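User: I'm in my first year and still learning to read protein models. Could you take me through one part of this structure slowly?

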Amino acid sequence: MTLVLEWTSAIFLLAGSFLCITGGVGLLRMPDFFSRVHAAGVTETLAAPLLLCGLMLQMEWSLDLVKVLMILLFVLATNPTATQAMAKATLIGGQKPLVTESESTKGDSPSNS
Amino acid sequence: MLIAIAAIRMRDLFGVVILFGVYSLLTAVLFMDLDAVDVAFTEAAVGAGVTTVLLLSSLRLTRRWEAPPRHNPFFSLLVVGVTGAALVYATLDAPLLGDPSAPVHKHVAPHYLQEAAGEVGMPNIVTAVLASYRGYDTFGETLVVFTAGLAVLLLLGFGESGESRIETSAIHDQVVLKVVVKLLIPLILLYALYVQFHGDFGAGGGFQAGVIFATGFILYDMVFGVENARAVMPAAWLPRLAALGVLIYGGVGVYSMLAGKPFLDYSALSADPVHGQHLGVLLVELGVGITVFSIVLSIFYALSGRRRQS
Amino acid sequence: MNEIAGLFNYWVVVFLMMAGFYVVISQGNLVKKLVGLGLFQASVFILYITMGNLSGGRAPIVTEGVFIYSNPLPHVLILTAIVVGVATTAVGLALIVRIHEAYGSVEEDEIHALDMADDDTRLQEGAGQEESSE
Amino acid sequence: MLTAAIIAILVTMILALVRAFLGPSEYDRMLAANSFGTKTVLLIALGGHALSWHSYLDVALLYAMVNFVGTIAVMRFFENRKQDGKEGSGGAS
């Protein structure tokens with residue numbers, strides 16, 4: 001039983017770490033803001049619950065477990081919301097997604113209009 | 001450290017503020033690592049949350065871009081360098097990190113650590129020292145917060161209550177955000193109450209709980225608009241609430257004085273001294289929480305309710 | 001080696017403190033000055049907490065089986081200092097907002113220049129009222 | 001395994017921090033700061049478990065909250081600025 005728990009937790013943690021790094025690299029390397037939102041938002045939404053699940057599987061049954069569950073729910077609720085709201089605010093704020101095939105990051109210079 | 005450098009170099013004040021928030025998060029993690037849970041808690045709630053919000057709302061009222069520097073920075077660099085060198089030289093004599101024989105650990109701290117659980121009857125020694133042993137200090141600090149809030153209100157007022165404000169901002173169209181926030185706010189307020197009354201056992205206490213409670217209202221204000229927030233918590237109540245908090249704190253002190261004990265000696269509150277201490281700490285923390293909550297919220301109202309004058 | 005590890009925190013503190021100090025004395029923008037004050041403040045907080053730390057210690061909340069706790073006194077002082085710090089920052093911000101309304105600028109130099117110009121015109125007009133020109 | 005996850009989170013934090021420094025537009029900074037905050041929550045949750053800090057989960061929960069509030073405050077700031085630009089139209093102030 002403990003072995004199963006350990007292995008499941010390890011798998012969760014590894015998957016979470018992988019997604020986490022993927023998100024970070026995407027955040028750094030993507031060419032314009034909207035693809036960055038995509039990279040950061042999507043991976044984060046999955047990475048955080050995975051990591052927290054992995055953590056939960058390692059803990060014994062206590063109040064702390066409930067707290068982790070609350071953190072999980074909280075992150076799960078706020079993170080996609082914040083990402084969506086950010087993307088929408090940016091769109092309203094006047095930035096356009098980069099649709100042409102330009103490779104440089106010219107498309108996302110600050111538009112202060 | 002790097003963040004600090006970047007924050008200095010950046011001329012866009014908005015970026016400075018965001019980096020300052022990140023910097024404060026890192027500071028809090030450092031506090032966690034140095035075993036200062038309560039301090040990390042406060043720093044996270046205050047530094048990363050409230051300070052950022054306040055700085056942003058005052059940036060809205062002033063302008064965003066900084067003028068290019070006109071002085072030669074050489075002289076100030078010189079001053080800073082000399083002072084820094086002197087300080088580094090001074091640290092060579094300082095006790096090493098974690099050294100148990102450092103003079104700090106020799107004075108009153110052992111007494112607190114050994115006796116607090118028996119004398120005050122709560123496991124969280126920080127709360128015990130804060131509210132009981134150093135009750136005078138904390139009373140003074142609550143008064144300082146109160147006075148600062150009054151000063152802000154005198155300088156700015158609450159602003160007009162926003163009848164003529166045009167609410168065309170993008171947040172007011174976002175349905176998803178509104179629904180989620182509506183669900184979250186009760187959770188935040190509940191959590192603040194937990195922090196308030198669980199402060200005897202874990203990290204937390206009046207200061208943090210007040211800030212978190214205010215954060216919940218600030219969130220409501222930001223997402224649902226000023227009018228709605230002021231309908232829930234009218235601005236006129238806030239100074240009265242703040243005064244009420246200070247009065248609770250002072251009232252506990254005066255009560256113990258009337259009972260024939262020194263000012264703020266909580267053992268007068270009940271027949272059993274330990275129980276009295278516990279009760280006193282709870283009441284005092286409640287007073288601190290109410291004061292901090294109403295002052296933070298009224299500062300936010302004052303800064304966000306004011307219209308930009310060009 | 002041990003010395004370096006033990007003193008490293010202090011050096012970080014000194015660096016941060018000097019960074020904040022530099023911002024306060026050399027930058028003209030008032031909001032930036034406040035951020036510099038915040039940096040300085042945070043460095044002082046870190047200094048106190050560093051002094052309160054004990055190797056092998058735990059957070060000062062009594063639990064069974066733990067005998068070394070870090071010093072609670074600096075924690076208490078800093079906890080209140082943080083809240084007081086944000087209150088004073090808010091007062092500073094309120095002052096800045098008022099200054100911006102009065103002068104239309106938050107740059108120290110420009111405010112100074114405006115003050116000087118104000119004084120000059122007043123002298124030229126010969127209006128001898130010594131009213132507030134602070 | 002926890003250690004590996006913590007290292008991964010630290011690497012991501014550094015990446016996000018670089019984006020926050022570079023960030024060509026302010027929106028990028030906001031995104032990076034938000035991502036950084038989420039990573040901090042995870043770091044405290046995992047690291048606190050690994051090093052057995054006291055009541056670290058309270059702090060992590062608080063962070064998640066504060067991070068969200070901060071992001072919303074930043075977004076509101078954008079709108080206000082835009083609104084001011086429309087109304088003021090002078091930009092000289």
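Which helix supplies the largest share of the nonpolar patch?

Analyst: Happy to help! One thing to keep in mind from the start is that this is a predicted model. The largest share of the nonpolar patch comes from α3(A), which supplies three residues.

Let's look at the members. The patch lies on the surface and is formed by L63(A), V66(A), M70(A), L187(B) and L190(B). Together these residues have about 450 Å² of accessible area. Two helices each supply at least two of the residues: α3 (63-92) of chain A and α8 (175-198) of chain B.

Now pick out one member, L63(A). This leucine sits in helix α3 of chain A. L63(A) counts as exposed because its relative accessibility is 54%, and the cut-off for exposed is over 50%.

The same check gives another answer for N79(A). N79(A) also has its place in helix α3 of chain A. With a relative accessibility of 4%, however, N79(A) counts as buried, since buried means under 20%. What does N79(A) touch, leaving out residues up to four places away in sequence? Its contacts are E44(A), N34(D) and T38(D). So that you can find the partners on screen, look in chain A for E44(A) and in chain D for N34(D) and T38(D).

Next, follow the patch over to its other contributor, chain B. This chain has twelve helices and zero strands, and along the sequence its pattern is simply one α after another, α-α-α-α-α-α-α-α-α-α-α-α. Of its 310 residues, 57% are buried. Among contacts in chain B with a separation of 6 or more, 71% are between residues 24 or more positions apart. The accessible surface of chain B comes to about 12,100 Å², and carbon and sulfur atoms account for 69% of that area.

Aromatic rings give you something easy to spot inside chain B. Over all chains, the count is five aromatic pairs. One of them joins F139(B) and Y249(B): the ring centres are 4.9 Å apart, the planes make an angle of 50 degrees, and the pair is tilted. This pair links distant parts of the chain, with F139(B) in helix α7 (residues 135-156) and Y249(B) in helix α11 (residues 237-258), 110 residues apart. Both F139(B) and Y249(B) are buried.

Another tilted pair is F213(B) with F217(B), at 5.9 Å centre to centre and 45 degrees between the planes. These two are separated by about one helical turn because they are four residues apart in helix α9 (residues 206-224) of chain B. F213(B) is partly exposed, with a relative accessible area of 21%, whereas F217(B) counts as buried at 13%. Ring pairs also bring in F293(B), linking it with F213(B) and F217(B) into a cluster.

Finally, a word on confidence. The model scores ipTM 0.76 and pTM 0.79. Chain D, which holds two of the partners of N79(A), has a mean pLDDT of 75, and 81% of its residues reach 70 or more. Within chain D, helix α2 (residues 26-51) has the highest mean pLDDT of its elements, 82, and helix α3 (residues 56-88) has the lowest, 72. Over residues 85-93 of chain D the pLDDT is below 50, and this stretch has six contacts in the model beyond near neighbours in sequence.

Definitions and conventions
Residues are numbered from 1 along each chain as its sequence is written. Chains are lettered from A and ligands numbered from 1 in the order in which they are written. This is a predicted model: local features need pLDDT of at least 70, side-chain atom pairs count only at pLDDT 80 or more; totals for chains, interfaces and linings use all residues. Side-chain values use heavy atoms; hydrogens and water are left out. pLDDT is the predictor's confidence in each residue, from 0 to 100. Contact means heavy atoms within 4.5 Å. Rings of Phe, Tyr and Trp (its six-membered ring) pair if their centres lie within 6.5 Å; planes under 30 degrees apart count as stacked, over 60 as edge-to-face and the rest as tilted. Buried means under 20% relative accessible area, exposed over 50%, partly exposed in between (1.4 Å probe, protein chains only). Patches are made of residues with over 30% relative accessible area and no salt bridge: like charges are joined within 9 Å, nonpolar side chains (Val, Leu, Ile, Met, Phe, Trp, Tyr) within 5 Å. Accessible areas come from the Shrake-Rupley method with a 1.4 Å probe; for residues, only the protein chains shown count as cover. A salt bridge is a side-chain nitrogen of Lys or Arg within 4 Å of a carboxyl oxygen of Asp or Glu.
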